[in-house]
Amino acid sequence: MEDFIDIHTHQLSEKANALSIKNIIANQSIFPIKKGFYSMGLHPWYLNQENKLTDLEILEALAKNKNVLAIGEIGLDKICKTDFDLQIEIFERQILIAEKLNKPIVIHCVKAFSELISIKKTLRPKVPMIVHGFNQNRQILDQLIAHQFYISLGSVILNEKSNAFKLIGYIPKNHLFLETDTSSISIIEIYNKSVEILQIADYELIDVMKSNFKKVFQRSNMAI
């Protein structure tokens, strides 16, 4: 396995010695899935009441592909214009798809963490759930950790004033992931900054990320 693991990216470029999980918006990017690894989901920004059943059927069919390692990014966003009840409905349905396919979930959440935690408590999914792009306060972090969410940090940790920079040390290492998301910054640079903040050896962080990846993303019969 490559040393550097990027669990959520929108970039198409391949980086040497890095394994990347590229995000696909299921109702926008329908194409044969071949080389590489992907996450696939119905993003709350782009949900449509009229097409929801068709979109869910397409997602479930495509996500069976062995190269699709996760359902996501999916979730809840109180800032976007999409009806919030529709967001909750589609989010819950996608959790059930993830459970059926035994694949982890990559979560987009904006100002809806209480609802996210409530849904997890109600549905009690067995698959891992990862909050991507985390940059919230300590209280929200503690709540997420208490409810067994994984936490993924992106390029914002390069900003020493960010919550991600300040709180990375409070995330249990066995619940930590790193990502590039939409940033053009290399995942290697994000690893290097994380090593600096955590004051650990680079090989230690690499080993932790590999262990977390195997535990979360290799639940199905996927050869990586």
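Is Cys-80 buried or exposed? Cys-80 is buried, at a relative accessible area of 17%. Keep in mind as you read that this is a predicted model. Below is a short tour of the cysteines, one glutamine that touches Cys-80, and two helix pairs.

**Cysteines**

- The model contains 0 disulfides.
- A disulfide is a covalent bond between the sulfur atoms of two cysteines.
- Why does Cys-80 not form such a bond with Cys-109? Cys-109 holds the closest cysteine sulfur to that of Cys-80, but the 11 Å between the two is too far for a bond, because the cut-off for a disulfide is within 2.5 Å.
- Seen from the other side, Cys-109 is in no disulfide either, and its nearest cysteine sulfur is the one in Cys-80, 11 Å away.
- Cys-109 also counts as buried, with a relative accessibility of 10%.
- Both values fall under the 20% that marks a residue as buried.

**Gln-87 and its surroundings**

- Gln-87 is part of helix 2, which covers residues 84-101.
- Gln-87 counts as buried, because its relative accessibility is 1%, where buried means under 20%.
- Leaving aside residues up to four places away in sequence, Gln-87 touches Cys-80, along with Pro-44, Leu-47, Gly-75, Leu-76, Asp-77 and Thr-82.

**Helix 6 with helix 7**

- Helix 6 spans residues 187-198 and helix 7 spans residues 202-217.
- Their axes lie 9 Å apart and the helices pack at an angle of about 115°, so helix 6 and helix 7 are roughly perpendicular to each other.
- The crossing of helix 6 past helix 7 is right-handed.
- On the helix 6 side, the contact is made by Tyr-191, Ser-194, Val-195 and Leu-198.
- These meet Asp-202, Leu-205, Ile-206 and Met-209 on the helix 7 side.
- Sorted by class, this contact has 6 nonpolar, 1 polar and 1 charged residues.

**Helix 3 with helix 4**

- Helix 3 runs over residues 113-123, and helix 4 over residues 138-146.
- What angle do helix 3 and helix 4 pack at? The angle is about 10°, with the axes 11 Å apart.
- Helix 3 and helix 4 are therefore roughly parallel to each other, since angles under 35 degrees count that way.
- Phe-113, Leu-116 and Ile-117 from helix 3 meet Ile-140, Gln-143 and Leu-144 from helix 4.
- The class breakdown for helix 3 with helix 4 is 5 nonpolar residues, 1 polar residue and no charged residues.

How values were computed. Residues numbered from 1 in each chain as written. Predicted model: local features only at pLDDT ≥ 70, side-chain atom pairs only at ≥ 80, totals over all residues. Heavy atoms only, no water. Buried < 20%, exposed > 50% of the residue type's maximum accessible area, 1.4 Å probe, protein only. Axes fitted to C-alpha atoms, helices over the stretch in contact; angles between N-to-C directions. Helix = DSSP H or I, 4+ residues; strand = E, 2+ residues; numbered from the N terminus. Parallel < 35°, antiparallel > 145°, perpendicular 65-115°, else oblique. Left-handed = near helix turned anticlockwise from the far one by under 90°. Contact = heavy atoms within 4.5 Å. Nonpolar A, V, L, I, M, F, W, Y, C, P; charged D, E, K, R; others polar.
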